[in-house]
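Dear colleague,

I am passing on the structure below, together with a written account of what turned up when its geometry was examined. Please look at the model first and then read the notes alongside it.

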Amino acid sequence: MASGFFAILDDIAALMDDVAVTSKVATQKTAGILGDDLAVNAEKATGFLSSRELPVLWAITKGSFINKLIILPVVFFLNWLYAPAINYVLILGGLYLAFEGVEKIIEFLFHREKEGHEVIEEIIEDEKSDEEIEKSKVKSAITTDFILSIEIVIIALGTVLEENHPFITQILVTSLVAFIATVGVYGIVALIVRMDDAGFKLIKKSNDKGFFGKLGHLLVKALPIVIKALGVIGTIALIMVAGGIFAHRVEFLHHFLESWSSNGVLNVVKEFILGLAGGLIGVAIFMTGKGAVSLVKRK
């Protein structure tokens, strides 16, 4: 009886050791996408009133956990039922990310002064309550997180499948990596958005003197620069993630500029080109659909 109990403990210990080792490998393989995830979500989680930053970030974090709870069982089921379906889901998600990134670039490059009815529409938009605007931004952040979470979960699962681990190890490793991704990314985002508050506290406690006073001013002045930088990095990250999905998941695109893939810099350029092209296609589809809906409404 005792020997059977210790045998079970030994099996559990071996399983946990296997999970720990494989989780480390999976986390390393998802490091790139986690970096992009951080840049994108940090940009999404900024731009709120100071008093609302942490509540908004907590709402996005909860949404991210819910995303993972939805994605994990669906991915396991699809992988069991029909593995290629995951590929199609990823490609559609990549198209959405590319569209979002390119749309931001187009808005920045071709933004113009609004006149007439456009001004009226903007005034109506401005009259929306802060609560409605906040909810809209949180919803957008959670939607983007959903697509990025799919990529993270599938990369983690792919790592486990490559090493032919049993099903229980697949579940534990993939779930652990998904949990670490959410806690790690949003923990760092929380530190970023509270930089100015930390700076003000340092200034106050040091009576605006000495090293800590200067550090406080540096943190306060650095936050707007960091936020702008994250906006740029986040937009590029959206396009790069999408381009990476297209390059690895679409067969004929995988062979597009194939000689560039072996060169790190050229491979980045290749993925950016693919992401940009996918985004332009996404924008074209969106504008066509929007025009068709407007035409139907007029009739």
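Helices are here DSSP runs of H or I that are at least four residues long, while strands are runs of E of at least two, and both are numbered from the N terminus. Please also keep in mind that this is a predicted model.

**Overall fold**

With elements taken in that sense, the chain contains eleven helices and zero strands, so that reading along the sequence gives the pattern α-α-α-α-α-α-α-α-α-α-α. The chain has 299 residues, of which 36% count as buried. When contacts with a separation of 6 or more are considered, 80% of them involve residues 24 or more positions apart.

The UniProt record, an unreviewed entry, carries the annotation "transmembrane region" for residues 70-99, 167-193, 225-248 and 268-289. Two of these spans were looked at separately in the model. Residues 167-193 are 100% helix and 0% strand, with 39 Å between the end C-alpha atoms, and residues 225-248 are likewise 100% helix and 0% strand, with their end C-alpha atoms 34 Å apart.

**Nonpolar cores**

Which members of the largest nonpolar core touch the most other members? Among its 24 residues they are V75, L97, V153, I154 and F246. The elements giving two or more residues to this core are α3 (50-82), α4 (84-110), α6 (130-162) and α9 (210-249). If residues up to four places away in sequence are set aside, V75 touches I86, V153, I154 and L157. There is also a second, separate core of 13 residues, including I60, V185, I192 and V193.

Another residue to look at is L90, which is found in helix α4 and which, because its relative accessible area is 2%, counts as buried. Leaving out residues up to four places away in sequence, L90 touches I150, E151, I154, I245 and R249. As for the partner I245, its C-alpha atom is separated from that of L90 by 7.0 Å, although the two residues are 155 residues apart along the chain.

**A buried lysine and its surroundings**

K68 may deserve a careful look if you intend to treat charges explicitly. K68 is placed in helix α3, and it is buried yet has no salt bridge, the nearest side chain of opposite charge being that of D145, 4.0 Å away. The side chain of K68 does, however, make a polar contact of 2.9 Å with the side chain of T182. Beyond the residues up to four places away in sequence, K68 touches P73, D145, S149, A178 and T182.

The partner in that polar contact, T182, is found in helix α7 (residues 167-193), the span that the UniProt record annotates as one of its transmembrane regions. Is T182 buried or exposed? Its relative accessible area is 1%, so T182 is buried. Again not counting residues up to four places away, T182 touches T61, S64, F65, K68 and G187.

**Two α6 residues and I60**

K137 and S140 are both placed in helix α6. K137 is partly exposed because its relative accessible area is 35%, and S140, at 25% relative accessibility, also counts as partly exposed. Each can be related to I60, a member of the second core: the C-alpha atoms of K137 and I60 are separated by 9.5 Å while the residues are 77 residues apart along the chain, and S140 and I60 are also 9.5 Å apart, C-alpha to C-alpha, with 80 residues apart as their distance in sequence.

**Backbone points in the loop between α8 and α9**

The loop between α8 (195-205) and α9 holds N207 and also D208, and both have backbone angles that you may wish to check. N207 has a positive phi of about 55° although it is not a glycine, and the phi of D208 is near 60°, again a positive value in a residue other than glycine. How do the two stand in accessibility? N207 has a relative accessible area of 58% and is therefore exposed, whereas D208, with a relative accessible area of 44%, is partly exposed.

With best regards

Conventions
Residues are numbered from 1 along each chain as its sequence is written. This is a predicted model: local features need pLDDT of at least 70, side-chain atom pairs count only at pLDDT 80 or more; totals for chains, interfaces and linings use all residues. Side-chain values use heavy atoms; hydrogens and water are left out. A nonpolar core is a set of buried Ala, Val, Leu, Ile, Met, Phe, Trp, Tyr and Cys residues joined through side-chain atoms within 4.5 Å. Buried means under 20% relative accessible area, exposed over 50%, partly exposed in between (1.4 Å probe, protein chains only). Contact means heavy atoms within 4.5 Å. UniProt positions are given in the numbering used here, feature names are shortened, and annotations may be inferred rather than shown by experiment. Lys and Arg count as positive and Asp and Glu as negative; His and the chain ends are not counted. A polar contact is a pair of N or O atoms within 3.5 Å; within protein, one must be able to donate a hydrogen and the other to accept it, and residues adjacent in sequence count only if both atoms are side-chain atoms.
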